[in-house]
Amino acid sequence: MNEAVIGPRAYPSNQMLIHWPYRGNNYIHVMMPEGVGGRRESEEHRSHLFNGWRTATGFGYRSLGDGEWENSFDEPGVLQFRGRCHPIEARVELELALTNDTKQVWHDVSANVCVSLAAAPQFADPGLERTFYAAAEGLKPVVREGVSEWAHGFIAVASEDGAATIAYGWPVQEKPDYPHVGDPALACVHANPHYGTLEPGQLVVQRGVIYTLLGTPADAYQQFRMEQLQATSGGDTKNRKN
């Protein structure tokens with residue numbers, strides 16, 4: 001069976017839960033966002049603009065029908081965001097809209113979107129034996145120390161039997177954040193959306209994808225690159241600034 005089903009998770013309250021019954025029950029926790037980072041106009045270095053682990057309440061959830069869920073958060077005078085997850089065949093489409101609700105310009109803004117596979121026993125890879133990222137020359141194994149160069153915000157994990165893949169990326173970005181892994185206990189992977197500079201009151205929407213497909217990480221990356229090419233050639237106008 002190759003069908004993902006989404007529902008909300010209670011805490012942390014900005015998590016979505018994706019159920020993929022591949023060779024048993026696999027639950028993928030998507031924390032969108034885990035945090036938002038950037039450099040305020042008055043600051044010299046980047047800092048946290050939002051930390052999802054410290055915000056247990058205030059998130060609004062609603063079902064949009066057809067398996068699609070939306071979560072939202074509004075901290076007046078700081079930021080607003082709206083996240084959406086929509087499952088279709090062999091993939092879950094993601095959308096994360098971020099608004100700068102301050103009176104300062106934000107620079108180099110990115111959202112930390114955590115995809116945890118700790119409850120997906122066919123895919124969890126704390127030893128990083130089946131986890132790959134996109135480098136200029138193709139897919140390369142992820143190492144715990146981090147990666148030094150990358151081509152796209154894309155990361156993929158093969159199943160234990162090598163016949164299925166969970167992959168994750170944000171198709172169109174001027175400056176993708178580096179793909180990386182987090183706490184081994186969470187078996188989490190990250191390929192974060194980048195928002196660039198946000199003026200006061202500005203809303204930016206980024207759209208990404210989680211693949212739940214039968215095939216290898218190379219198959220997932222080939223599909224991702226094809227969609228990336230279509231997007232950058234003008235065939236997709238989803239990722240936009242409003």
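## A tour of the cysteines, the cavity and some unusual backbone

A search of the whole structure finds zero disulfides. Start there by selecting C114, which takes part in none; the nearest cysteine sulfur belongs to C188, 4.0 Å away. Remember as you look that this is a predicted model. Why is there no bond between the sulfurs of C188 and C114? At 4.0 Å, the closest cysteine sulfur to that of C188 is too far for a bond, since a disulfide needs the two sulfur atoms within 2.5 Å. Both partners are inside: C114 counts as buried because its relative accessibility is 3%, and C188 is buried too, with a relative accessible area of 5%.

**Zoom out for a moment**

Show the whole chain as a cartoon. You should find one helix and 18 strands. Of the 242 residues in the chain, 52% are buried. Among contacts with a separation of 6 or more, 60% are made by residues 24 or more positions apart.

**Into the cavity**

Next, keep C188 selected and turn on a cavity display. The count comes to one cavity of 30 Å³ or more, and the volume of the largest cavity is about 80 Å³. Its lining has 15 residues, and the closest to the centre are D125, L128, V181, A187 and C188. Colour the lining by residue class: 10 are nonpolar, two polar and three charged.

From D125, step across to T131. Their side chains make a polar contact of 2.7 Å. T131 lies in strand β10, residues 131-135, and counts as buried because its relative accessibility is 2%. Leaving aside residues up to four places away in sequence, T131 touches D125, K140, P141, V142, I155, A156, V157, V181 and V189. Show these as sticks to see what surrounds the threonine.

Stay with the cavity and select A187. Where does A187 lie? Look in the loop between β14 (180-181) and β15 (188-190). A187 has a positive phi of about 45°, although it is not a glycine. Most residues other than glycine have a negative phi. A187 is buried, with a relative accessible area of 11%.

**A second positive phi**

Now jump to D66, in the loop between β5 and β6. D66 is not a glycine either, yet has a positive phi of about 55°. Is D66 buried or exposed? With a relative accessibility of 68%, D66 counts as exposed, whereas A187 is buried.

**A glutamate with two arginines**

Move along to E70 in strand β6, residues 68-75. Which side chains make polar contacts with the side chain of E70? One is R62, at 2.9 Å, and another is R84, at 2.7 Å. E70 counts as buried because its relative accessibility is 6%.

**Last stops: a cis bond and a tryptophan**

Select M32 and P33 and check omega. The peptide bond from M32 to P33 is cis, with omega near 0°. Most peptide bonds are trans. P33 sits in strand β3, residues 26-40.

Finally, stay in that part of the sequence and pick G35, then add W53. The two are 18 residues apart in sequence, and their C-alpha atoms are 8.0 Å apart in space. W53 belongs to the loop between β4 (47-51) and β5 (60-65). W53 is partly exposed, with a relative accessible area of 38%.

Notes. Residues numbered from 1 in each chain as written. Predicted model: local features only at pLDDT ≥ 70, side-chain atom pairs only at ≥ 80, totals over all residues. Heavy atoms only, no water. 1 Å grid on protein atoms, 1.4 Å probe; cavity = no way out; pocket = protein on both sides within 12 Å on 5 of 7 lines; lining within 4 Å. Points joined across faces, edges and corners; volume = space filled by probe spheres on them. Nonpolar A, V, L, I, M, F, W, Y, C, P; charged D, E, K, R; others polar. Helix = DSSP H or I, 4+ residues; strand = E, 2+ residues; numbered from the N terminus. Buried < 20%, exposed > 50% of the residue type's maximum accessible area, 1.4 Å probe, protein only. Polar contact = N/O pair within 3.5 Å; in protein donor to acceptor, adjacent residues only side chain to side chain. Contact = heavy atoms within 4.5 Å.
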